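Could you have this one open while you go through my comments? I've kept them short and in numbered points.

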Amino acid sequence: AVVSTQSTGGNLSKWNDIIFPGMKKSIQGVMMTIQDIIEDRKNSFELYGADFMVDSEFTPWLIEINCSPAMGATTKVTERLCSEVLDDCIKVVIDKKECRSAPTGKWEVIYTQQNVSVPPNIGVQLACEGRFI
């Protein structure tokens, strides 16, 4: 994510105290909600991209999450960001696997939990049917 002190009225604490924690909370909530439907494929990973809007009170609002986001540099900002994301992704996927204490760049773990055992889908029909009386 990118923020300038100009976009927060010269006060970087808005980023540290409101925007970034709110973004992490939103992403954590989404990932916990969908954890039982994400396919676990050994020796692979999926990169997600989250789009946010920030209101006048600096509250971040999640707009959408994309799987396999486009990583093409279309502006000077995205050129730098995409390069950093890809470099840091390698640190997480390869370096961290080899050495648990390896640096992860700007990636950070925002939540950890025990693996959750999910029962297989048994095909329960959740539709509500009725008729006009």
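Below are my notes on the hairpin, the core, the cysteines and the salt bridges.

1. Keep in mind that this is a predicted model. The sheet part I looked at is a hairpin: E1 (residues 48-54) runs antiparallel to E2 (residues 60-67), with 7 bridges between the two strands. Asp 51 has Glu 64 as its bridge partner in E2. There are 5 residues between the strands, and Phe 58 in that turn has a positive phi of about 70°.

2. Phe 58 turns up again in the largest nonpolar core, alongside Trp 15, Ile 19, Met 23 and Phe 52. Helix H1 (residues 13-34) is the top contributor, giving 3 residues to this core. Have a look around Phe 52 too: its contacts include Met 23, Ser 26 and Ile 27, as well as Pro 60 and Trp 61.

3. On cysteines, the model has 0 disulfides. Cys 67 is partly exposed at 49% relative accessible area, while Cys 82 is buried at 11%.

4. I get 5 salt bridges in total. Arg 41 pairs with Glu 46, with 3.9 Å between the closest N and O atoms. Arg 41 is partly exposed at 40%, and Glu 46 is partly exposed at 32%.

5. Helix H2 (residues 76-98) holds both Glu 84 and Arg 80, 4 residues apart, or about one turn. Their salt bridge has its closest N and O atoms 3.3 Å apart, and a network of salt bridges links the two with Lys 106.

6. Which residues does Lys 91 meet in a salt bridge? Asp 88 is one, at 3.3 Å from N to O. Asp 88 is buried at 9%, whereas Lys 91 is partly exposed at 30%.

How values were computed: Residues numbered from 1 in each chain as written. Predicted model: local features only at pLDDT ≥ 70, side-chain atom pairs only at ≥ 80, totals over all residues. Heavy atoms only, no water. Pairing = 2+ DSSP bridges. Core = buried A, V, L, I, M, F, W, Y, C linked by side-chain atoms within 4.5 Å. Buried < 20%, exposed > 50% of the residue type's maximum accessible area, 1.4 Å probe, protein only. Contact = heavy atoms within 4.5 Å. Disulfide = S-S within 2.5 Å. Salt bridge = Lys/Arg side-chain N within 4 Å of Asp/Glu carboxyl O. Lists of a residue's contacts leave out its neighbours within four places in sequence.
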